[in-house]
Amino acid sequence: MNASQFSPAQTPEPAAPASPDKTATGGGGHSLYGGVVNRRVTVRDLAAAKQRGERWAMLTAYDSLTAGVFDEAGIPVLLVGDSAGNCALGYESTVPVTMDEMTILSAAVVRGTKRAMVVGDLPFGSYQESPAQALRNAARLMKEAGVGAVKLEGGERSARTIELLVESGVPVMAHVGLTPQSVHALGGYPVQGRGEEAAHRLQRDAKAVQEAGAFAVVLEAVPAELAAQVTAELAIPTVGIGAGVGCDAQVLVWTDMAGMNPGHTPKFVKQYADLRGVLGAAARQYADEVRGGTFPDQAHSFK
Ligand code: KIV
C-alpha cells in the first residue's frame, strides 16, 4: 500500500461476509460494533465504517483476561498501548517501555481475544532511528505477538517510516497531536493545535500520515473543532482521545475509564466504573475474614 491507498476514490470495499450474522461487521454486515464473528476485524472493516458514518470505540488492553472481557463486549479494536508503562508496569511515563515488554503484553492480548483487531504500539526508541529499524520491530510484533497492526507516533516526521511499513505489509495506525513519547521534549502533556500555526501543523501531520498509507490516525489532546475539521478532511478514520465528539472513533486507556488509576483524572476521561474501589473493598473483606477465622468456611473447604 502507498500514498493514496485510502483516498476517497480508492476506499476499499468491506470484507465479503462469509455468511449472514457471522461477520466481523456484525449481524447482516451493517455494524462494526458487537455482533457474532468468525474472524477478526480488519482495516477494510474500519474503512467501510467510515464510509457509512459508523462511530466505533477502541480501548487499551495489556493482559489476556481484561482483553477477553473487552472482546466479548464487542470492542472492535484493542490497542496494546505503551501507556502500559504508566498503567501496568509502574513506570512514570511511556518512555522506558521496551520492545520485549510490548511483545509479551501484545501476545497476551492476542491470546485473550477472538474478534478484535489488536494493534501493538511501537515504544519510544524502537522506530525513530530509521524506517528499517521500525520494520524490524513491527515485524517482531506481528510474528512473535500476532498483532494485526502497529501504532507509532508522529506526523510528517514519521511519514517515510509509515510508507515503508505499509509497503511491506504492515498496517499502521498513526498518532498525531499530543505524542506522549515526547513528554520530555514537550515539557509535559499540553493540548496541541491551539492557534493558527499549530492547527495548520496538525492538519499537515494528519494528511502526511494518510498519504503515507496509514489506515487510521489517533488525534490526541486536540481542540474538538479542529479534530472535527481534520476528520472531515481525511478519508481514513480518526480516533480521538481528548479530541471531542467529531472524530470517527474514540479511544480511552482502560484503567482510566474503569477507575483503576489513582490520582488525577484528565478532563477528557469519563470514568465508567470504580474498579479500584471494588477491588480494594474485596481485598479488605478477604483480609478481615482471614484475620477473623471466617474464611475459609465449610463451603470453601474439602471434606
Ligand atoms: O499508549 C496508548 O495507550 C495510546 C493511546 C492513549 C492512544 O497511545
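In this predicted model, the ligand is surrounded by Thr 60, Leu 79, Gly 81, Asp 82, Ser 83, Asp 121, Lys 151, His 175, Val 218 and Ile 241. For three of these residues, the distance from a side-chain N or O atom to an oxygen atom of the ligand is tabulated below.

| Residue | Ligand atom | Distance to side-chain N or O |
|---|---|---|
| Ser 83 | oxygen | 2.5 Å |
| Asp 121 | oxygen | 3.2 Å |
| Lys 151 | oxygen | 3.0 Å |

On its own, the ligand has 260 Å² of accessible area, and the protein covers 95% of that area.

A second region to consider is helix 11 and the segment after it. Helix 11 spans residues 275–292. The helix is 18 residues long, and the distance from its first C-alpha to its last is 25 Å. That value is close to the 26 Å expected at 1.5 Å a residue. Gly 293 follows helix 11 and has a positive phi, near 75°.

Phe 295 lies in the segment after helix 11. Is Phe 295 buried or exposed? Its relative accessibility is 32%, so Phe 295 counts as partly exposed, since that class lies between the limits of under 20% for buried and over 50% for exposed. Phe 295 also belongs to a nonpolar surface patch, together with Tyr 286 and Val 290. The area of this patch is about 290 Å². As a general point, an α-helix has 3.6 residues a turn, so residues three or four places apart point the same way.

Key. Residues numbered from 1 in each chain as written. Predicted model: local features only at pLDDT ≥ 70, side-chain atom pairs only at ≥ 80, totals over all residues. Heavy atoms only, no water. Patch = residues over 30% accessible without salt bridge, like charges linked within 9 Å, V, L, I, M, F, W, Y side chains within 5 Å. Areas by Shrake-Rupley, 256 points an atom, 1.4 Å probe, with all protein chains shown as cover. Salt bridge = Lys/Arg side-chain N within 4 Å of Asp/Glu carboxyl O. Helix = DSSP H or I, 4+ residues; strand = E, 2+ residues; numbered from the N terminus. Buried < 20%, exposed > 50% of the residue type's maximum accessible area, 1.4 Å probe, protein only. Expected span 1.5 Å × (residues − 1). Near = heavy atom within 4 Å. Polar contact = N/O pair within 3.5 Å; in protein donor to acceptor, adjacent residues only side chain to side chain.
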